[in-house]
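Open the model in your viewer and get your selection tool ready. We will begin with the whole chain and then visit a handful of residues one by one.

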Amino acid sequence: MSGERREVRATLEFFQDLDRQLRGERGPSGEPSTNDFQTFELLEIVERFATGFDDLAELIPGRRDYRVLISTGVLVHAYSVVGQLGRDVAVELDSLEIDVGHDWT
């Protein structure tokens with residue numbers, strides 16, 4: 001599907017993972033909020049899955065319908081996102097793990 005753009009949807013589980021790992025509001029020491037993550041990190045995540053799904057690493061060897069993106073972030077140290085290709089050829093972002101290894105002070 002090189003050169004084509006896939007539709008990307010974030011699942012409820014993805015947003016639950018986000019809410020579990022970041023606060024709803026920016027922390028007192030500058031920790032990013034869920035809104036900050038959605039503004040600065042999520043757009044890049046969606047773009048990578050939309051334009052380069054087939055180039056991402058297979059989460060499970062031999063299962064071309066599951067891909068994982070591991071990257072550094074703008075606001076967070078790093079993150080990993082699992083995306084699954086649906087029957088309608090859209091990508092669903094299923095899970096999110098964030099490494100907030102920064103010292104925010």
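Here is a tour of this predicted model, with a suggestion at each stop for what to select next.

**The whole chain**

Start in cartoon view with everything shown. How many helices and strands are there in the protein? You should find two helices and five strands. Trace the chain along its sequence, and the elements come in the pattern β-α-α-β-β-β-β.

Now switch to C-alpha atoms and turn the model around. Along the principal axes, these atoms fill a box of roughly 45 × 25 × 20 Å. The radius of gyration is 14 Å, which agrees with the value near 13 Å that a compact globule of 105 residues would have.

Next, turn on the surface. The protein exposes about 6,300 Å², and 49% of that area is supplied by carbon and sulfur atoms. Of the 105 residues, 35% are buried. If you color by charge, look for 11 positive and 21 negative charges; the mean positions of the two groups are 5 Å apart. As for how the chain folds back on itself, take the contacts between residues at least 6 apart in sequence: 50% of them join residues at least 24 apart.

**Stop one: Leu96**

Select Leu96, which sits in strand β5, residues 91–99. Is Leu96 buried or exposed? Its relative accessible area is 0%, so Leu96 counts as buried. Show what surrounds it, leaving out residues up to four places away in sequence: Leu96 touches Phe14, Asp17, Leu18, Arg20, Gln21, Phe37, Tyr79, Ser80 and Val81. To get a sense of distance, draw a line from Leu96 to Asp65; their C-alpha atoms are 17 Å apart, with their positions 31 residues apart in sequence.

**Stop two: Val89**

Move back along the chain to Val89, in the loop between β4 (78–85) and β5. Check the backbone angles here: Val89 has a positive phi of about 70°, although it is not a glycine. With a relative accessibility of 36%, Val89 is classed as partly exposed.

**Stop three: helix α2**

Now select residues 34–52, which form helix α2, and pick out Asp36 within this helix. Asp36 has a relative accessible area of 8%, so this residue is buried. Which backbone atom lies 2.9 Å from a polar atom of the Asp36 side chain? It is the backbone nitrogen of Ser33. Setting aside neighbours within four places in sequence, Asp36 is also in contact with Arg26, Glu41 and Leu75.

Stay in helix α2 and select Thr39. Thr39 is partly exposed, with a relative accessible area of 41%. Show its side chain and follow it to the backbone oxygen of Asn35, which it reaches at 2.9 Å. For a longer view, select Glu97 as well: the C-alpha atoms of Thr39 and Glu97 are separated by 17 Å, and the two residues are 58 apart along the chain.

**Stop four: Asp54**

Leave the helix and select Asp54, in the loop between α2 and β2. Asp54 counts as partly exposed, at 31% relative accessibility. Which side chain does Asp54 meet in a polar contact of 3.2 Å? Add Arg6 to your selection, and you will see the two side chains joined. Keep Glu97 in view too, as its C-alpha atom is 21 Å from that of Asp54, and the pair are 43 residues apart in sequence.

**Stop five: Ala57**

Finish at Ala57, in strand β2, which covers residues 57–58. Ala57 is partly exposed, with a relative accessible area of 44%. Not counting residues up to four places away in sequence, what does Ala57 touch? Select Tyr66, Arg67 and Val68 to see these partners. As a last step, draw a line from Ala57 to Gly27: their C-alpha atoms are 33 Å apart in space, and the residues are 30 apart in sequence.

Key. Residues are numbered from 1 along each chain as its sequence is written. This is a predicted model: local features need pLDDT of at least 70, side-chain atom pairs count only at pLDDT 80 or more; totals for chains, interfaces and linings use all residues. Side-chain values use heavy atoms; hydrogens and water are left out. Helices (H or I, at least four residues) and strands (E, at least two) are DSSP runs, numbered from the N terminus. Buried means under 20% relative accessible area, exposed over 50%, partly exposed in between (1.4 Å probe, protein chains only). A polar contact is a pair of N or O atoms within 3.5 Å; within protein, one must be able to donate a hydrogen and the other to accept it, and residues adjacent in sequence count only if both atoms are side-chain atoms. Contact means heavy atoms within 4.5 Å. The radius of gyration is taken over C-alpha atoms; the globule rule is 2.2 Å times the number of residues to the power 0.38. Accessible areas come from the Shrake-Rupley method with a 1.4 Å probe; for residues, only the protein chains shown count as cover. Lys and Arg count as positive and Asp and Glu as negative; His and the chain ends are not counted. The place of a charge is taken as NZ of Lys, CZ of Arg, CG of Asp or CD of Glu.
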